[in-house]
Amino acid sequence: MSAPLLEQLIDALRVLPGVGQKTAQRMAYHLLEREREGGKRLAETLAQAVERIGHCAQCRDFSETELCPTCANGSRERSPRELGLEQLEQRLAEAEVQELIIATSATVEGEATAHYLAQLARARQVRPSRLAQGLPLGGELEYVDRGTLSHAFGTRSEVRD
Ligand code: ZN
């Protein structure tokens with residue numbers, strides 16, 4: 001026999017990051033007591049999103065289509081190929097590499113690239129890390145002074161899912 005639905009709901013809510021038993025319980029009670037409509041919408045949207053959202057074949061950003069609208073428009077100046085991903089994969093495959101330090105900008109595109117690179121690294125047992133915040137927002141590395149840069153390297157942190 002399977003667990004009562006309420007228990008299953010609480011258990012299911014715990015897949016969310018940072019949600020433990022107590023929070024999951026509160027969420028479940030809240031949904032059942034005053035947000036049944038919202039709960040329904042959440043369930044339906046979630047089911048559809050998980051089913052239909054994949055990764056753009058070109059930039060690896062989330063997309064519902066093979067190519068995201070940006071890539072499909074061809075408005076991108078640099079494709080992943082031009083980012084040197086093939087060479088990077090080769091380097092990662094050579095056993096010597098232990099850590100991949102990612103220094104993409106804090107834009108949506110930068111975040112997506114960082115996420116993708118971290119996956120690449122992990123797939124090859126290489127530890128991905130990212131420069132700490134503190135670099136100017138949207139700042140290009142070339143223009144950052146040495147002190148700021150070395151601080152960012154010193155306080156880099158491992159990338160987690
Ligand atoms: Zn794309």
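A residue counts as buried when its relative accessible area is under 20%. In this predicted model, buried residues make up 24% of the 161 residues in the chain. The accessible surface of the chain is about 12,100 Å². Carbon and sulfur atoms contribute 51% of that surface. Among contacts with a separation of 6 or more, 44% join residues 24 or more positions apart.

The chain holds seven helices and five strands. Along the sequence they follow the pattern α-α-α-β-β-α-α-β-α-β-α-β.

A zinc ion is bound by four cysteine sulfur atoms. The donors are the SG atoms of Cys56, Cys59, Cys68 and Cys71. They lie 2.3 to 2.4 Å from the zinc ion. Angles among the four donor atoms run from 106 to 118°. The site is tetrahedral, because four donors count as such if all angles lie between 85 and 135 degrees. The donor residues are spaced C-x2-C-x8-C-x2-C in sequence. Among them, Cys56 and Cys68 link distant parts of the chain, 12 residues apart. Cys56 sits in the loop between strand E1 (54-55) and strand E2 (62-63). Cys68 sits in the loop between E2 and helix H4 (69-72). Both qualify as buried because their relative accessible areas are under the 20% cut-off: the value is 0% for Cys56 and 4% for Cys68.

The loop between E1 and E2 also contains Arg60. Phi of Arg60 is near 70°, a positive value in a residue other than glycine. Arg60 is partly exposed, with a relative accessible area of 28%.

The largest nonpolar core comprises 12 residues. They are Leu85, Leu92, Leu100, Ile102, Ala114, Tyr116, Leu117, Ala118, Leu120, Ala121, Val126 and Val159. Three elements give two or more residues each to this core: helix H5 (85-93), strand E3 (99-102) and helix H6 (108-123). H6 supplies the largest share, six residues. Within the core, Ala118 touches Ile102 and Val159. Ala118 also touches Pro128. These contacts leave aside residues up to four places away in sequence. A second, separate core has five residues, including Ile10, Val19, Ala24 and Ala28.

Three strands form an open sheet in the order E3-E4-E5, with mixed pairing. The edge strands are E3 and E5 (157-158), each pairing on one side only. E3 and E4 pair in the parallel sense over four bridges. Strand E4 (residues 127-130) pairs with E5 in the antiparallel sense, over two bridges. Arg130 of E4 takes part on both sides. It stands opposite Ile102, and its bridge partner in E5 is Ser157. The two faces of E3 differ in cover. Leu100 and Ile102 form the covered face, whereas Glu99 and Ile101 form the uncovered one. Leu100 and Ile102 both belong to the largest nonpolar core.

The loop between H6 and E4 holds Gln125. This residue, too, is not glycine and has a positive phi, near 55°. Gln125 is exposed because its relative accessible area of 69% is over the 50% cut-off. The next residue in the numbering, Val126, is listed in the largest nonpolar core.

Methods
Residues numbered from 1 in each chain as written. Predicted model: local features only at pLDDT ≥ 70, side-chain atom pairs only at ≥ 80, totals over all residues. Heavy atoms only, no water. Donors = N, O, S within 2.8 Å, 3.2 Å for Na, K, Ca; no water. Tetrahedral: all angles 85-135°; square planar, octahedral: opposite > 155°, others 65-115°. Buried < 20%, exposed > 50% of the residue type's maximum accessible area, 1.4 Å probe, protein only. Contact = heavy atoms within 4.5 Å. Areas by Shrake-Rupley, 256 points an atom, 1.4 Å probe, with all protein chains shown as cover. Core = buried A, V, L, I, M, F, W, Y, C linked by side-chain atoms within 4.5 Å. Pairing = 2+ DSSP bridges.
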